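Colleague: Mind if I quiz you on the labels you've put on this one? I'd like to hear the reasoning behind each.

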Amino acid sequence: MKRSTERLLALAMLIVGIACFAKLCLALGGKPLATARLEVFGVAGVLSVLAGLLFLAGLLLGAARHDPATPLFGRDAEIAPAGHPRLRRAALALPPLALLVIVADQFGPWRTQEPAGESAKEVATAPAEPAPRPSEPKPEPEASTKPTTPEASAKPTTPEASAKPTTPEASAKPTAPAPAQEEIAKPTPPAEPVAAPVPPSPPAIAPQPAQPAQPTEQTALAPATPPQIVAPPPLAPPAQPTAPEGHRDAVVWLAVSADGHEIMSASTDRMIKLWDIDGKRLIRDLGIHKDMARSALFMPDGKTALTAGDDGEIVLRQLSDGTVLHVFSSGANGGVRQLKISQDGKLAVSGHDTGSVVVWDLEKGTVSHVLPGHDWSVNSVAMSPDGTRALTGSIDGELKLWDIVSGKQLRSWHGHDRGAYGAVFLADGHHAVTGSGDCTIKLWDLDSFKEVRRFEGHSGTVYALALSADGKRLGSVSLDGTARIWNIDTGAEIAEFDPGTGPMYSVAFAADGTLLTGGIDRTIRDWPAAGGDGTVLFAGAPE
């Protein structure tokens with residue numbers, strides 16, 4: 001047989017083998033076979049492809065036949081290969097049989113159509129969505145409300161959100177869930193054992209022969225219903241005390257006067273308030289900003305205060321009556337995210353939502369330097385004890401050290417994986433501590449710009465830091481709802497406080513060493529230095 005014929009046979013066998021594999025794939029994909037099992041098509045496909053390859057290689061020749069033109073003996077005689085006639089015949093018979101099975105399976109009369117009820121059956125067996133009860137109103141989409149907390153009310157500034165957040169991420173005041181329907185809200189009381197009702201006595205009937213009891217289908221299939229155990233409803237959080245003179249929104253800043261007798265607070269309700277610690281009373285509302293208040297600082301003279309907010313204004317106020325003495329306008333630099341003053345009260349440094357850092361000459365009432373360099377909102381500012389340098393951090397985790405006398409940048413480094421929100425200098429002026437959205441607190445050597453120590457324990461953004469008067473303890477508050485005190489020398493956690501009322505935004509040490517905190521619950525709390533339960537020092541206003 002000519003070589004071209006061998007190749008045609010090989011091609012036909014390969015095609016049949018591929019067709020068998022195609023049927024096998026369809027069957028595995030969910031289309032059932034009508035005439036054969038999966039194994040038949042698998043074996044037929046393998047054998048057909050193998051036979052085709054053998055024919056293509058010329059290994060399945062027929063019986064040897066002598067060419068009359070070739071001598072049987074002598075130098076020109078040729079030895080014809082013996083061939084494999086039986087194997088060749090079997091290989092030739094396999095593809096037609098496989099092709100016949102394929103055609104019969106595809107087009108035979110036994111190929112039943114998929115019943116129309118199959119899909120309907122599948123739909124019927126799918127769990128149906130429960131229809132709302134007639135007494136339940138159709139749920140409506142939640143109405144968007146204007147956020148009032150720092151992170152919700154300010155425009156987003158984090159790179160992750162692709163917009164600039166101006167306050168702690170995801171620390172918005174949680175919206176109270178809508179009350180459920182009455183029948184759902186009321187917990188089911190535990191089932192009381194009730195005696196089964198006694199059926200009325202039947203009328204007298206003549207005795208009948210006893211019949212063996214036949215179990216009914218319902219009795220055989222329906223097991224006895226076990227007694228229902230209803231869990232008690234969760235305990236509601238204790239009601240928080242309120243006071244009409246308190247803040248009406250989150251407390252985002254706390255500062256203690258030099259003599260330790262007064263506290264100044266700033267809130268997203270735009271108010272600045274002055275409190276008497278000893279008398280536990282509000283002294284006065286010191287002033288109000290046009291947008292949420294961010295910072296409130298006692299000036300070294302003990303008679304004035306400097307406050308700032310998202311309205312871009314830095315206001316010098318009289319403590320005795322709140323009189324406005326001077327207003328520093330940020331202009332195009334935008335809202336003030338944080339403000340710090342030098343110990344001598346001559347300079348102030350403000351971080352802004354545009355990424356600018358502004359150095360103010362408070363004596364002259366002018367701007368000394370505008371320091372661009374941050375690409376994102378500057379939410380942390382710290383000033384060195386000698387008043388010559390400032391450390392700033394933005395919400396992309398970038399930290400920068402500035403010479404605020406000359407207005408030059410000394411160093412820039414990526415200190416945190418997420419935004420930096422709190423910063424304080426240590427008393428030596430060569431170290432600083434920063435908090436961050438990556439849940440860590442880091443101690444930095446500002447000579448080598450290397451991380452010296454890490455304080456770990458918070459599970460949310462560390463939003464504010466405070467250093468004790470002796471410089472040995474560090475206070476921190478976080479969006480995880482806790483406050484903590486740390487040993488600055490070892491990094492060990494001394495105490496953890498959790499009022500269970502949501503994110504905390506502000507922290508300060510009182511003169512007696514206790515920790516003061518403020519947060520989304522509108523209250524100012526006092527926590528013992530060694531740990532333990534805190535007390536509400538100044539309650540928030542009723543909602």
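What follows is a run through those labels, one at a time.

Modeller: Go ahead, but keep in mind that this is a predicted model.

Colleague: Let's begin with the helix, then. Why is Leu 47 called partly exposed?

Modeller: Leu 47 has a relative accessible area of 38%. Buried means under 20% and exposed means over 50%, so at 38% Leu 47 falls in between and gets called partly exposed. Leu 47 is found in helix H2, which covers residues 38–57.

Colleague: And what makes Val 43, Leu 47 and Leu 50 a patch?

Modeller: Patch residues need over 30% relative accessible area and no salt bridge, and nonpolar side chains are joined within 5 Å. Leu 47, at 38%, is over that 30% mark. Together with Val 43 and Leu 50 it forms a nonpolar patch on the surface, and the three have about 250 Å² of accessible area together.

Colleague: On to the strands. How do you know that S6 and S7 pair?

Modeller: Two strands pair if DSSP finds at least two bridges between them. Strand S6 (residues 304–309) and strand S7 (residues 313–318) are joined by five bridges, so they count as paired, and they run antiparallel. As one example, Leu 306 has Leu 316 in S7 as its bridge partner.

Colleague: What makes S5 and S8 edge strands?

Modeller: The sheet is open, with four strands in the order S5-S6-S7-S8 and antiparallel pairing. Strand S5 (293–298) and strand S8 (324–329) each pair on one side only, and they are the edge strands. On average, neighbouring strands of this sheet are turned by 20 degrees against each other, direction ignored.

Colleague: Which strand does S5 pair with, and over how many bridges?

Modeller: S5 pairs with S6 in the antiparallel sense, over five bridges. Phe 298 has Ala 305 in S6 as its bridge partner. The two strands form a hairpin with five residues between them, and Gly 302 in the turn has a positive phi of about 75 degrees. Although S5 is an edge strand, six of its six residues are buried, and the strand is mostly covered.

Colleague: Now S19. Why is it described as largely enclosed?

Modeller: Six of the six residues of S19 are buried, so the strand is largely enclosed by the rest of the structure. Thr 440, Lys 442 and Trp 444 point one way, while Ile 441, Leu 443 and Asp 445 point the other way, and all are buried. In general, side chains in a regular strand alternate between the two faces of the sheet.

Colleague: What are the partners of S19, and how do you know that they count as paired?

Modeller: Bridges again, with at least two needed. S18 and S19 pair over five bridges, and S19 and S20 over six, so both pairs pass, and both are antiparallel. Trp 444 takes part on both sides: it is the bridge partner of Ala 432, and its own partner in S20 is Glu 451.

Colleague: Cys 439 and Phe 449 both sit in turns next to S19. Why is Cys 439 partly exposed, and why is Phe 449 buried?

Modeller: The cut-off for buried is under 20%. Cys 439 has a relative accessible area of 21%, so it misses that cut-off and counts as partly exposed. Phe 449 is at 15% relative accessibility, so it counts as buried.

Colleague: What is notable about phi in those two residues?

Modeller: Phi of Cys 439 is near 75 degrees and phi of Phe 449 is near 60 degrees, in each case a positive value in a residue other than glycine. The hairpin of S18 and S19 has three residues between the strands, and the one of S19 and S20 has four.

Colleague: Last pair. What makes Asn 379 buried, and how do you know that it has a polar contact?

Modeller: Asn 379, in strand S13 (residues 378–383), has a relative accessible area of 5%; that is under 20%, so it is buried. Its side chain reaches the side chain of Ser 377 at 2.8 Å, which is within the 3.5 Å limit, so the pair is called a polar contact.

Colleague: And why is Ala 510 called buried?

Modeller: Its relative accessible area is 13%, again under 20%, so Ala 510 is buried. Ala 510 lies in the loop between strand S25 (504–509) and strand S26 (515–519). The C-alpha atoms of Ala 510 and Ser 257 are separated by 9.0 Å, with the two residues 253 apart along the chain.

How values were computed: Residues are numbered from 1 along each chain as its sequence is written. This is a predicted model: local features need pLDDT of at least 70, side-chain atom pairs count only at pLDDT 80 or more; totals for chains, interfaces and linings use all residues. Side-chain values use heavy atoms; hydrogens and water are left out. Patches are made of residues with over 30% relative accessible area and no salt bridge: like charges are joined within 9 Å, nonpolar side chains (Val, Leu, Ile, Met, Phe, Trp, Tyr) within 5 Å. Accessible areas come from the Shrake-Rupley method with a 1.4 Å probe; for residues, only the protein chains shown count as cover. A salt bridge is a side-chain nitrogen of Lys or Arg within 4 Å of a carboxyl oxygen of Asp or Glu. Buried means under 20% relative accessible area, exposed over 50%, partly exposed in between (1.4 Å probe, protein chains only). Axes are lines fitted to C-alpha atoms, for helices over the stretch in contact, and angles run from 0 to 180 degrees between N-to-C directions. A polar contact is a pair of N or O atoms within 3.5 Å; within protein, one must be able to donate a hydrogen and the other to accept it, and residues adjacent in sequence count only if both atoms are side-chain atoms.
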